[in-house]
Amino acid sequence: MSVPTADSARTSLEAVRTEIAKAVVGQDPAVTGLVVALLCRGHVLLEGVPGVAKTLLVRALAASLELDTKRVQFTPDLMPSDVTGSLIYDARTAEFSFQPGPVFTNLLLADEINRTPPKTQASLLEAMEERQVSVDGTPRMLPDPFLVAATQNPVEYEGTYPLPEAQLDRFLLKLTVPLPSRQDEIDVLTRHAEGFNPRDLEAAGLRPAAGPADLAAARAAVAKTTLSPEIAGYVVDICRATRESPSLSLGVSPRGSTALLATSRAWAWLTGRGYVTPDDVKALALPTLRHRIQLRPEAEMEGVTADSVIEAVLANVPVPR
């Protein structure tokens, strides 16, 4: 079997978007964000009201990339071992054996991550960062690729455990999944009337368009994407400007600037270029930075949002020529 080239890998990943569109109407920015996260080995926070196809989006992505996927519904009584796995006593052999948890997959959908206590959140975030699970002192590597897509409901906060800033910073991107437009919603109803079953993606005609080999070739190509000193300075200037914003009590950390660099390179490569432009940085600034800043309470009361602060920063930071 031949190793995919960078160009063939890009073509395959573009075809992934077409395949996902067979199951999910609209939501192109979220699809692109998930592909960018896979290229950067990052994780994604999906925020949207219930019923906007967040689960279907992740399942469709997994099917179009021939990746394994699992889903965990986070609840207040979920234990860390329910996510990572645990040692089970086998009476026949009189020994303990490791039973892997749902985190041992390629795409893990962590549904409503803010509904589970900090201890369970921390166990997942450790697996995300270290890409391994340690049970009884033995480290066990997670598969590659490995992406966590964690969902949050932005309208109902009763009985939730909001992720602290340090843990939010572990997510590469925060993607908002909006309600569909009128025409998109009509398209959704039409598909359901024609017999579309969201639980049977194969019947919907969704086929694998790329695989792990394409993803590996794409990651290698992204790593060769050129970054000029001027663009590196532009990324740093944007992040430093957030630290000086009067609307914010917390600006973007250096981890945020490295994340913006990584996502900008992935986007540049996806759009067919071997170098990063200021437009690439601007295109990924909102999803990469919106969860890494903290608004002052008085700014929040005045209706200021994280997105509006970042947009103001982008408007004011000089763009390199």
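# A tour of the predicted model

Select alanine 53 to begin: with a relative accessible area of 28%, alanine 53 is partly exposed. The structure in the viewer is a predicted model. Alanine 53 sits in the loop that runs between S1 and H3. Its phi is near 75°, a positive value in a residue other than glycine. Most residues other than glycine have a negative phi, and most peptide bonds are trans.

Stay in this loop and select proline 50, which is found between strand S1 (44–47) and H3. Is proline 50 buried or exposed? Its relative accessible area is 58%, so proline 50 is exposed. Now add asparagine 153 to the selection. Proline 50 and asparagine 153 are 103 residues apart in sequence, but their C-alpha atoms are 6.8 Å apart in space.

**Helices H1 and H3**

Next, select helix H1 (residues 6–20) together with helix H3 (residues 54–64). Two packed helices are described by the angle between their axes and the distance between the axes. For H1 and H3 the angle is about 130°, and the axes are 9 Å apart. H1 and H3 are therefore oblique to each other. The crossing in which H1 passes H3 is right-handed. Which residues make the contact? On the H1 side they are Val16, Glu19 and Ile20, and on the H3 side Leu57, Ala60, Leu61 and Ser64. By type, the residues of this contact are five nonpolar, one polar and one charged.

**Threonine 32 in helix H2**

Move to helix H2 (residues 28–39) and pick out threonine 32. Threonine 32 has 13% relative accessibility, so it counts as buried. Show the side chains around it. Apart from neighbours within four places in sequence, threonine 32 is in contact with Arg17 and Trp267.

**Threonine 75 and its loop**

Select threonine 75, in the loop between strand S2 (69–73) and H4. At 27% relative accessibility, threonine 75 counts as partly exposed. What does threonine 75 touch, not counting residues up to four places away in sequence? The answer is Arg115, Thr116 and Pro117. For a longer view, add methionine 128, which is 53 residues from threonine 75 along the chain; 19 Å separates their C-alpha atoms.

**Helix H5 and what surrounds it**

Methionine 128 leads into the next stop, as Met128 is one of the buried residues of H5. Before selecting the helix, look at glutamate 112, in the loop between S5 and H5. Glutamate 112 has a phi near 55°, a positive value in a residue other than glycine.

Now select helix H5 itself (residues 118–130), which has 13 residues. From its first C-alpha to its last, H5 reaches 18 Å, close to the 18 Å expected at 1.5 Å a residue. Colour its buried residues: Thr120, Gln121, Ser123, Leu124, Leu125, Ala127 and Met128. What covers them? The cover includes helix H4 (80–84) and helix H6 (165–168), along with strand S5 (107–111), strand S6 (132–135) and strand S8 (147–152). Just after H5 comes arginine 131, with a positive phi of about 55°.

**A cis peptide bond**

Go on to proline 145, in the loop between strand S7 (138–141) and S8. Display the backbone from aspartate 144 to proline 145: this peptide bond is cis, with omega near 0°.

**Helix H7**

Select helix H7 (residues 182–193), which has twelve residues. At 1.5 Å a residue H7 should span 16 Å, and its end C-alpha atoms are 17 Å apart, which agrees. After H7, find glycine 195, whose phi is positive, near 105°.

**Helices H8 and H10**

For the last stop, select helix H8 (residues 212–223) and helix H10 (residues 254–270). Their axes come within 9 Å and cross at roughly 110°. H8 and H10 are therefore roughly perpendicular to each other. Their crossing is right-handed. To see where the two helices meet, show Ala218, Ala221, Val222 and Ala223 in H8 and Arg265, Ala266 and Trp269 in H10. How many residues of this contact are nonpolar, polar and charged? Six are nonpolar, none is polar and one is charged.

Methods:
Residues are numbered from 1 along each chain as its sequence is written. This is a predicted model: local features need pLDDT of at least 70, side-chain atom pairs count only at pLDDT 80 or more; totals for chains, interfaces and linings use all residues. Side-chain values use heavy atoms; hydrogens and water are left out. Axes are lines fitted to C-alpha atoms, for helices over the stretch in contact, and angles run from 0 to 180 degrees between N-to-C directions. Helices (H or I, at least four residues) and strands (E, at least two) are DSSP runs, numbered from the N terminus. Angles under 35 degrees count as roughly parallel, over 145 as roughly antiparallel, 65 to 115 as roughly perpendicular and the rest as oblique. A crossing is left-handed if the near helix is turned anticlockwise from the far one by less than a right angle, and right-handed if clockwise. Contact means heavy atoms within 4.5 Å. Ala, Val, Leu, Ile, Met, Phe, Trp, Tyr, Cys and Pro count as nonpolar, Asp, Glu, Lys and Arg as charged, and the others, Gly among them, as polar. Buried means under 20% relative accessible area, exposed over 50%, partly exposed in between (1.4 Å probe, protein chains only). The expected span of a helix is 1.5 Å times one less than its number of residues.
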